[in-house]
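Q: Hey, can we go through this one together? I'd like to start with the side chains.
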Amino acid sequence: MKLKVVYRKVSDYIRYDLKEIVLPSSLPDPPHVVKRRKLTWHERFLVLKEASRLYAASWVRDIGPELRPNDYKKQGDAEPKKQAKEAENEPSVLEDLAVAARGGMETLRPALHRLYMTRASNYKDALTSFIKGYHEGLQQVMQNKAESEAPADEADKSKKTT
């Protein structure tokens with residue numbers, strides 16, 4: 001009888017507890033979460049097609065107009081060169097970060113620092129502008145209040161003197 005109980009406890013431990021220790025199951029979803037249905041093969045194909053189109057479009061943006069002449073035939077020959085030169089003069093923040101990210105952490109750190117310093121200076125300028133405008137509005141309200149109280153004070157003084 002004891003051997004049977006020991007065997008059952010060991011087998012239960014291996015079957016349930018050890019399996020949970022070695023391969024833990026994830027926590028169940030909260031009750032408010034609605035599970036999405038599985039996609040059909042056609043929907044999966046459409047998702048893959050759209051993702052690959054977006055991926056290819058991201059590469060096309062990086063390549064530039066020199067390697068994609070078909071896109072620029074409608075505009076004329078001189079305009080793409082001008083547009084390319086204008087774009088080369090000042091890269092956008094996103095392009096700057098992309099180039100820095102490709103260079104590794106050594107180049108990414110100064111680019112991020114420059115980005116945060118720019119954002120901080122913009123925030124500081126906006127805050128000082130807001131404070132200045134707030135003070136001007138407060139001064140106007142105080143002047144209007146003083147002007148409205150001044151005639152009332154003069155009327156009270158004239159009543160007291162008579």
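Q: Is Arg15 buried or exposed, or partly exposed?
A: Arg15 is partly exposed, at 47% relative accessible area. Buried means under 20% relative accessible area, exposed means over 50%, and partly exposed is in between (1.4 Å probe, protein chains only). Keep in mind that this is a predicted model: local features need pLDDT of at least 70, side-chain atom pairs count only at pLDDT 80 or more, and totals for chains, interfaces and linings use all residues. Residues are numbered from 1 along each chain as its sequence is written, and side-chain values use heavy atoms, with hydrogens and water left out.

Q: Okay, and what does Arg15 form a salt bridge with?
A: With Asp12; their closest N and O atoms are 4.0 Å apart. A salt bridge is a side-chain nitrogen of Lys or Arg within 4 Å of a carboxyl oxygen of Asp or Glu.

Q: Where do those two sit?
A: Both are in helix H1 (residues 2–22), three residues apart, so about one helical turn separates Asp12 and Arg15. Helices are DSSP runs (H or I, at least four residues), numbered from the N terminus.

Q: How many salt bridges are there in the whole structure?
A: Three. One of them joins Arg53 and Glu50, with 2.6 Å between the closest N and O atoms. That pair lies in helix H2 (residues 41–63), again three residues apart.

Q: And which residue does Arg37 meet?
A: Glu43, at 2.7 Å from N to O. Arg37 is exposed at 55%, while Glu43 is partly exposed at 23%.
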